[in-house]
Amino acid sequence: MNPLSWSFRTYYFLGAIGCFGAIAYALYVQYHMLMQPCPLCILQRVAFIAAGVFFLIGALHNPKSRAWRRIHASLVSLSALGGLLIAGRHVAIQLAPSDPRAFCGGMDLGYIIDAMPLRDALTTVFKGSGECAKIDWSFLGFSMPMWTLVLYIGVIALAVYPAIRKS
């Protein structure tokens, strides 16, 4: 019953469930609460999906060697770190919405990627947009990107702990 003594596989299945649960909630917000995601929200979803897939692979593999466990933890952590950086940029845009460098063209991510070279598209996306600065949803005073920041920190902890602990 002690969560600190759970197996590597259990931690990684919980991590996968958590990541896919975050995606399910994002889809619920999009389709039932009718809040359309901004480009940074979509990139955060991609990071959650990647981390969830790596968690699931780690759980199915269930490695016994520390080296393999650390490889799985690294893959999950890199995905979550990418999401953490994206969420951090999103929070920065929300906290300073009057930033004159903010991009307010209202283009969606698909159009941006189709119309521009990848480097220019990523630069445009990370400048943010008027819709990225808008806070439509909050819980306990935190916006959704702030909560995803917290979730990414939890994902990293959930990936690293079982990989470094002594079995």
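**Reasoning about a predicted chain**

Modeller: In the protein chain, 82% of the contacts with a separation of 6 or more are accounted for by residues 24 or more positions apart. The model is predicted.

Colleague: How many helices and strands are there in the protein chain?

Modeller: The protein chain has 7 helices and 2 strands. Read from the N terminus on, their order is α-α-α-α-α-α-β-β-α. Of its 167 residues, 38% count as buried.

Colleague: How do you know whether Cys38 is buried or exposed?

Modeller: Buried means under 20% relative accessible area. The relative accessibility of Cys38 is 2%, so Cys38 counts as buried.

Colleague: What makes Cys41 buried, exposed or partly exposed?

Modeller: The partly exposed class lies between the 20% and 50% limits. Cys41 has 24% relative accessibility and therefore counts as partly exposed.

Colleague: Why is there no bond between the sulfur of Cys41 and the closest cysteine sulfur?

Modeller: A disulfide is a covalent bond between the sulfur atoms of two cysteines. To be called one, the pair of sulfur atoms must lie within 2.5 Å. The cysteine sulfur closest to that of Cys41 belongs to Cys38, and the distance of 3.3 Å is too far for a bond. The structure holds 0 disulfides.

Colleague: Why is Ser79 called buried or exposed?

Modeller: Ser79 has a relative accessible area of 11%, which is why it is called buried. Ser79 belongs to helix 3. Apart from neighbours within four places in sequence, its contacts are Ala47, Ala50, Ala51 and Phe54.

Colleague: How do you know that the span of helix 7 agrees with its number of residues?

Modeller: The expected span is 1.5 Å times one less than the number of residues. For the 21 residues of helix 7 (residues 144-164) this gives 30 Å, and the end C-alpha atoms are 30 Å apart, so the two values agree. Helix 2, with 23 residues, reaches 33 Å from its first C-alpha to its last, close to the 33 Å expected.

Colleague: What covers the buried residues of helix 7?

Modeller: The buried residues of helix 7 include Met146, Tyr152, Val155 and Ala159. Their cover includes helix 1 (8-31), helix 2 (39-61), helix 3 (66-95) and strand 2 (142-143).

Colleague: Which residues touch the most other members of the largest nonpolar core?

Modeller: Among its 20 residues, Tyr12, Cys19, Phe48, Phe55, Val76, Tyr152 and Val155 touch the most other members. Helix 1, helix 2, helix 3 and helix 7 each give two or more residues to this core, and helix 1 provides the largest share, 7 residues. Beyond neighbours within four places in sequence, Phe55 is in contact with Tyr12, Cys19, Val76 and Val155, among others. A second, separate core has 7 residues, including Cys38, Leu40, Ile93 and Ala133.

Colleague: What is notable about phi of Leu34?

Modeller: Most residues other than glycine have a negative phi. Leu34, however, is not a glycine and has a positive phi of about 55 degrees. Leu34 lies in the loop between helix 1 and helix 2. At 66% relative accessibility, above the 50% limit, Leu34 counts as exposed.

Colleague: Where is Asn62 found?

Modeller: Asn62 is in the loop between helix 2 and helix 3. Its phi is also positive, near 45 degrees. Asn62 has 16% relative accessibility and therefore counts as buried.

Conventions
Residues are numbered from 1 along each chain as its sequence is written. This is a predicted model: local features need pLDDT of at least 70, side-chain atom pairs count only at pLDDT 80 or more; totals for chains, interfaces and linings use all residues. Side-chain values use heavy atoms; hydrogens and water are left out. Helices (H or I, at least four residues) and strands (E, at least two) are DSSP runs, numbered from the N terminus. Buried means under 20% relative accessible area, exposed over 50%, partly exposed in between (1.4 Å probe, protein chains only). Contact means heavy atoms within 4.5 Å. A nonpolar core is a set of buried Ala, Val, Leu, Ile, Met, Phe, Trp, Tyr and Cys residues joined through side-chain atoms within 4.5 Å.
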